[in-house]
Amino acid sequence: MSADDRNILARARVSTRLPAQDLDRARRFYAETLGLEPVDERPGGLLYRCAGTEFVLFKSTGASPGTFTQMALEVDDIETAVSELKQHGVVFEDVDVPGFRTKDGIAEIEGNYPSKGARGERGAWFRDSEGNLLGMGEPVA
C-alpha cells in the first residue's frame, strides 16, 4: 500500500472557490466573456465544471486582493485562447518581473514540473469581474 493510498487527502478531489461580491455580475462575466455556464447552483453559489474539474463562485462580502493567481486553466493552445478572450473584451495583465515578462499577453516560463513531461510553460493572466486573478497555462514539450 502506497502512502497515497493511506492518506485520505491524497485521494480527495480539489475544487477552487472564488469570491464574488456581486454574484449576478460574476455569472454574466463568466457566461458572456468566458463562455462558461454554471452546471448547478444554490443560494449564494454557482458551480462550474471544466474537463472534469470544478470551481465555485460564491457570494462574499470579502474580496481577494488579486495579487496572486487564484485559479489557473491549462489550455492546449494559449495563443488561440488569449486571442479569443481578447475578442470578448478580456484585458490581459502585463507582467515584467525577474524571470519572465509578457509579450502580447503571454509569458514564456522556464521549467515545469517533471511529472508533466514539459520543459516549460507559456502563461497569461487576467482578472474576472470581481477582481480575482485568473491564469492560463500551456505546457511546452
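**View 1. Eight salt bridges are counted in the chain.** The count of salt bridges comes to 8. This is a predicted model. One of the pairs is glutamate 74 with lysine 116, whose closest N and O atoms are 2.6 Å apart. The two residues sit in distant parts of the chain, 42 residues apart. Glutamate 74 belongs to strand 5, while lysine 116 lies in the loop between strand 8 and strand 9. Glutamate 74 is exposed because its relative accessible area is 52%, over the 50% cut-off. Lysine 116 is partly exposed, at 42%.

**View 2. Arginine 122 meets glutamate 79 in a salt bridge.** Their side chains come to 3.0 Å, N to O. Arginine 122 is in strand 9 and glutamate 79 is in helix 3 (residues 78-87), so the pair ties together parts that are 43 residues apart in sequence. Is arginine 122 buried or exposed? Arginine 122 counts as buried, because its relative accessibility is 16%, under the 20% cut-off. Its partner glutamate 79 is partly exposed, with a relative accessible area of 47%.

**View 3. Arginine 122 also forms a salt bridge with glutamate 138.** Here the N to O distance is 3.9 Å. Glutamate 138 lies in strand 10 (residues 133-140) and arginine 122 in strand 9. The two are 16 residues apart, and the pair links distant parts of the chain. Glutamate 138 counts as buried, at 16% relative accessibility. Which residues are joined into one network by salt bridges that share partners? They are Glu79, Glu108, Arg122 and Glu138.

**View 4. Six strands form an open sheet.** The strand order is 5-10-9-8-7-6, and the pairing is mixed. Strand 5 (71-74) and strand 6 (96-97) stand at the edges. Each has a single partner strand, so one side of each is left without a neighbour in the sheet. Strands of a sheet pair through backbone hydrogen bonds, either parallel or antiparallel.

**View 5. Strand 6 pairs with strand 7.** The two strands run antiparallel and are joined by 2 bridges. Which residue of strand 7 stands opposite aspartate 96? It is arginine 101.

**View 6. Strands 7 and 8 make a hairpin.** Strand 7 covers residues 100-103 and strand 8 covers residues 106-110. They run antiparallel, with 2 bridges between them. Threonine 102 has alanine 107 of strand 8 as its bridge partner. How many residues lie between the two strands of the hairpin? There are 2. In this turn, aspartate 104 has a positive phi of about 55°.

**View 7. Strand 8 also pairs with strand 9.** Strand 9 covers residues 120-127. It runs antiparallel to strand 8, and 4 bridges join the two. Glutamate 108 has arginine 122 of strand 9 as its bridge partner. Both residues also belong to the salt-bridge network.

**View 8. Glutamine 70 is a buried loop residue.** It lies in the loop between strand 4 (53-59) and strand 5. Glutamine 70 counts as buried because its relative accessibility is 17%, under the 20% cut-off. Its side chain makes a polar contact with the side chain of asparagine 132, at 2.9 Å. Which residues touch glutamine 70, leaving aside its neighbours within four places in sequence? Thr16, Leu18, Pro19, Ser64, Gly131, Asn132 and Leu133 are in contact with glutamine 70.

Note on methods. Residues are numbered from 1 along each chain as its sequence is written. This is a predicted model: local features need pLDDT of at least 70, side-chain atom pairs count only at pLDDT 80 or more; totals for chains, interfaces and linings use all residues. Side-chain values use heavy atoms; hydrogens and water are left out. Two strands pair if DSSP finds at least two bridges between them. Helices (H or I, at least four residues) and strands (E, at least two) are DSSP runs, numbered from the N terminus. A salt bridge is a side-chain nitrogen of Lys or Arg within 4 Å of a carboxyl oxygen of Asp or Glu. Buried means under 20% relative accessible area, exposed over 50%, partly exposed in between (1.4 Å probe, protein chains only). A polar contact is a pair of N or O atoms within 3.5 Å; within protein, one must be able to donate a hydrogen and the other to accept it, and residues adjacent in sequence count only if both atoms are side-chain atoms. Contact means heavy atoms within 4.5 Å.
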